[in-house]
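Ready to practise reading ring contacts? Here are some short exercises, each with a solution in steps.

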Amino acid sequence: MLNLNTTKALSTLMNPDKILPVAMIEVACTGGRTYNGYKRGGKVEGRERLREETTGAVFWLFGVKVLNKIGDIIGEKIGIKNLDVDLGKDELRAPFLNNVKEGANKTIAFKFAKVAGSAAIATFFLGFVLPKINHKITELSRSKEQGSAIQPSCDNLELNNDEKNKQLSGQSLILPSAMGLTYPSMDDFVNSAKQKNVTFKGNSPVIDFLSTAAYNLENKTAWRLMSTDVGMIAGRVANSRNKFEGFEFLFRDTTSIYFYLFATPHVVSLLNKMTGNTPIHPDSLEVFKNHLVNSMGDEKYTLEEFKQNTKEAPADLTNILAKIKFKKDVVSLNEFNNATAGLYKEKALKMSQLQPKMLDESILSKQQIVDVLSKGWNTDPEFIKKALDAGTYGAASNPKKFVSRKVVEGIRDSVDKFTQNLVKYASDKGIKEIDAKFVQSFAKRTTNMNFAFRVLGMIVSGFGIAFLIPKIQYKLTELRTGSKEFPGTKDYSDDNKK
């Protein structure tokens, strides 16, 4: 019997550095689109979809990492340092600002040029090179199957550039801005960084922009996808054999963005709201569960006692917070200690160590100060640090890595949400006392539900990309042309349909 460790499985599915989640979607995409292509256009369309999707999947799974590695090697060869330090920054974390003192501008410029160059290569290959290769293989294959005596039928597949432009000019498929994408060369950026006497501390809007853009392109899925998809879609449309095939590419690839980026989290969020389940990272929950079990021991607690023991804020919390001079809900450790006469000095110091120092100064967020002022198992700094590290795969305590304040505070909030939902669940079930066994059972239930919701969300994403979109795409072409044939090889030269 299969004994699935849902904590480990869910953690893998949520880890942005793991290949498996992307591979699962890409396998579904390749299989579904190949099958649907074969059903409509036979071997010709089926083979085109198989070549297109497998090549694209391999590129996304491995090519991006290879390009990034090559970029780092080039950077090291020309003397660029600190390429392993993240450029992201907010009020709590700014690893590049805190770790890089020399050559900062040069590094920022190079990192931007590297990711922009990678996007350009991906766009060029997937949008311009691969379609031409795919079409040529189809042309040669059909020519071979039909015999050398049936060469004229291939003329329609080899539209010259003038004919192709005329055929595509009757439709508003290609965004001029997309087709005009340009990417600065790596040398231009490095030379520019050498010439300008600017700093990373915000004095140069250009450097700030490059820093933010480079970080987002390297680390955020939406940015990575959009940086290549706009040009790739434009390339595929431009290289289409006729306007109907171009429309299919435009419709398919733009609508696929929703299922790649948003469908799964939307499904997970909706199901959690419907069921009252806690959206909490499984590794953070595992840490929290063990922390609660150890803190509770063999004792049993009433629902009210359990709530008070998990977190109890002081009655005058609002008054204390009003005395503290926050800047964007952040204050230095020294300022906090002065405002509270050093009454929480020891706990505040431990809490400030949840993030690296900011310009050699220990800081605290308002959320952390509330924990410092409160009592309870949920507010223990050592536990919170372990939970943050677990939920960010070790990045939260790595001085070279950037983890946004939103992510950090989201993990911390999910801990309180879990205990609130635990008490509510016990109350709804008529349970009067909570012990360690009940905590373990509820934690397992929470993780299992989150795992099931995640899998269901991925199924929805895969179904949309592999089956729903192709079905709609084919139907739209049928309505426009009156034909169910594969538009890539059909001759529309005498067809007046719009």
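The exercises below look at aromatic rings and what sits beside them.

This is a predicted model, where local features need pLDDT of at least 70, side-chain atom pairs count only at pLDDT 80 or more, and totals for chains, interfaces and linings use all residues. Residues are numbered from 1 along each chain as its sequence is written, and side-chain values use heavy atoms, leaving out hydrogens and water.

**Exercise 1.** Work out how phenylalanine 112 and phenylalanine 209 pair up.

Solution. Start with the whole structure: a search finds 18 aromatic pairs (ring centres of Phe, Tyr or Trp, its six-membered ring, within 6.5 Å; planes under 30 degrees apart are stacked, over 60 edge-to-face, the rest tilted). This pair has 6.3 Å centre to centre and 55° between the planes, so it's tilted. Next, place the rings: phenylalanine 112 lies in helix α4 and phenylalanine 209 in helix α8, so the pair ties together parts 97 residues apart in sequence (helices are DSSP runs of H or I, at least four residues, numbered from the N terminus).

**Exercise 2.** Is phenylalanine 112 buried or exposed, and what about phenylalanine 209?

Solution. Buried means under 20% relative accessible area, exposed over 50%, and partly exposed in between, with a 1.4 Å probe and protein chains only. Phenylalanine 112, at 11%, is buried; phenylalanine 209, at 53%, is exposed.

**Exercise 3.** Describe the pair of phenylalanine 288 and phenylalanine 418.

Solution. With 5.8 Å between centres and 75° between planes, the pair is edge-to-face. Both rings belong to a cluster linked by ring pairs, which also includes Phe383 and Tyr425.

Note on methods. Helix = DSSP H or I, 4+ residues; strand = E, 2+ residues; numbered from the N terminus.
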